[in-house]
Amino acid sequence: MRIGAHVDPAEPLVAATARGADAVQFFLADPQGWKTPAPHPDAAALKASEVDVYIHAPYVINVATLNNRIRIPSRKLLLTHARAAAEIGAKGLIVHGGHVNAGDDIAVGFDNWRKTFAYMEKEGGPPLPILIENTAGGDHAIARRFDNLARLWDAVGEFGAGFCLDTCHAHAGGEELLNIVDRVKSITGRVDLIHANDSKDGFDSGRDRHDNLGSGKIDPDLVVAAIRAAGAPAIVETPGGVEGQAADIALLRERAGS
């Protein structure tokens with residue numbers, strides 16, 4: 001069982017050692033910006049390392065939207081980040097499901113995801129798995145509620161899309177964590193990565209605020225059960241820097257028996 005943390009991109013391998021992590025996740029560029037990622041200075045070391053690497057796409061990416069001024073640049077930037085992630089040996093690129101605006105037909109949002117994968121296939125295909133992540137809030141979100149997740153997978157499943165399950169997002173988004181992996185796999189057929197996060201806020205709050213395991217509103221044993229059921233690597237995206245994340249990793253290892 002591989003367990004790691006979301007870290008600063010400057011020295012991810014140093015960060016992994018400090019936390020006792022088997023895996024790291026980080027951004028390749030400003031998560032709130034549209035810039036093309038620059039080559040990572042540690043690319044060779046990351047590729048050669050036994051530490052598993054995952055890259056998170058910028059938050060600004062929204063390939064579901066009906067606004068072409070956002071949708072078209074989003075799908076291009078998604079492919080750009082996928083290529084940059086592959087250059088450092090990453091095992092997957094995580095991207096949020098996105099949303100449509102109030103009054104827009106959400107069915108178009110699902111089809112826009114299909115078009116995004118079709119675009120990437122036309123451009124030679126993504127060089128690593130694209131892991132769509134469930135999100136916490138929004139009445140018009142593509143991947144908050146699992147009924148919408150099923151509609152999304154009807155659109156993208158044929159392209160081999162992967163899935164990242166965030167426990168905080170599921171809890172805050174109104175999806176029970178008990179037996180959640182079975183429910184997800186009945187839709188997607190897979191869970192490629194777990195974002196193992198507690199939540200500062202209550203069930204179905206719609207608020208995306210992560211907390212350290214055991215400090216928030218989620219029973220840590222439910223997070224551990226999800227990791228075991230998925231048989232997938234886990235990344236903590238929790239506060240507290242080295243100390244806080246190292247404690248979360250240690251808790252998961254102890255309770256998961258790895």
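Arg209 is partly exposed, with a relative accessible area of 35%. In this predicted model, the side chain of Arg209 meets that of Asp201 in a salt bridge, with 2.8 Å from N to O. Asp201 itself counts as buried, at 8% relative accessibility. The bridge thus pairs a partly exposed arginine with a buried aspartate. Elsewhere, salt bridges that share partners join Asp111, Arg114 and Lys115 into one network.

Such contacts follow a simple principle. Side chains of opposite charge can pair when their charged atoms come close. A search of the whole structure finds 12 salt bridges. One of them is formed by Lys200 and Asp211, with an N to O distance of 3.7 Å. This pair links distant parts of the chain. Lys200 lies in the loop between strand E8 (198-199) and strand E9 (210-211), whereas Asp211 lies in strand E9 itself. The two residues are 11 residues apart. Lys200 is partly exposed, its relative accessible area being 35%. Asp211 is buried, because its relative accessibility is 10% and the cut-off for buried is under 20%.

A further salt bridge joins Glu175 to Arg183. Here the closest N and O atoms are 2.8 Å apart. Glu175 is buried, with a relative accessible area of 12%. Arg183 is partly exposed, and its value is 28%.

The cysteines were examined next. How many disulfides does the structure hold? The count is 0. A disulfide is a covalent bond between the sulfur atoms of two cysteines. Cys164 is in no disulfide, and the nearest cysteine sulfur, that of Cys168, is 12 Å away. The cut-off for a disulfide is 2.5 Å between the sulfur atoms, so Cys164 and Cys168, with sulfurs 12 Å apart, are not counted as a pair. Cys168 is likewise in no disulfide, and its nearest cysteine sulfur is that of Cys164. Cys164 counts as buried, at 0% relative accessibility. Cys168 is also buried, with a relative accessible area of 0%.

The strands form a barrel. In the model, 8 strands close into this barrel in the order E1-E2-E3-E4-E5-E6-E7-E10. The pairing is parallel. From one strand to the next, the twist averages 30°. Strands of a sheet pair through backbone hydrogen bonds, either parallel or antiparallel. One pairing in the barrel shows the detail. Strand E2 (residues 23-26) is joined to strand E3 (residues 52-56) by 4 bridges, and the two strands run parallel. Within this pairing, Val24 has Val53 of E3 as its bridge partner.

Helix H1 covers residues 12-19. Which residues of H1 are buried? They are Pro12, Ala15, Ala16 and Arg19. These residues cover an arc of only 100° around the axis, so they sit on the same side of H1. The buried residues of H1 pack against four elements: strand E1 (3-6), strand E2, helix H2 (43-48) and helix H9 (241-256). E1 and E2 are also strands of the barrel. The helix is followed by Gly20, whose phi is positive, near 70°.

Key. Residues are numbered from 1 along each chain as its sequence is written. This is a predicted model: local features need pLDDT of at least 70, side-chain atom pairs count only at pLDDT 80 or more; totals for chains, interfaces and linings use all residues. Side-chain values use heavy atoms; hydrogens and water are left out. A salt bridge is a side-chain nitrogen of Lys or Arg within 4 Å of a carboxyl oxygen of Asp or Glu. Buried means under 20% relative accessible area, exposed over 50%, partly exposed in between (1.4 Å probe, protein chains only). Two strands pair if DSSP finds at least two bridges between them. Axes are lines fitted to C-alpha atoms, for helices over the stretch in contact, and angles run from 0 to 180 degrees between N-to-C directions. The arc is that of the directions from the helix axis to the C-beta atoms. Contact means heavy atoms within 4.5 Å.
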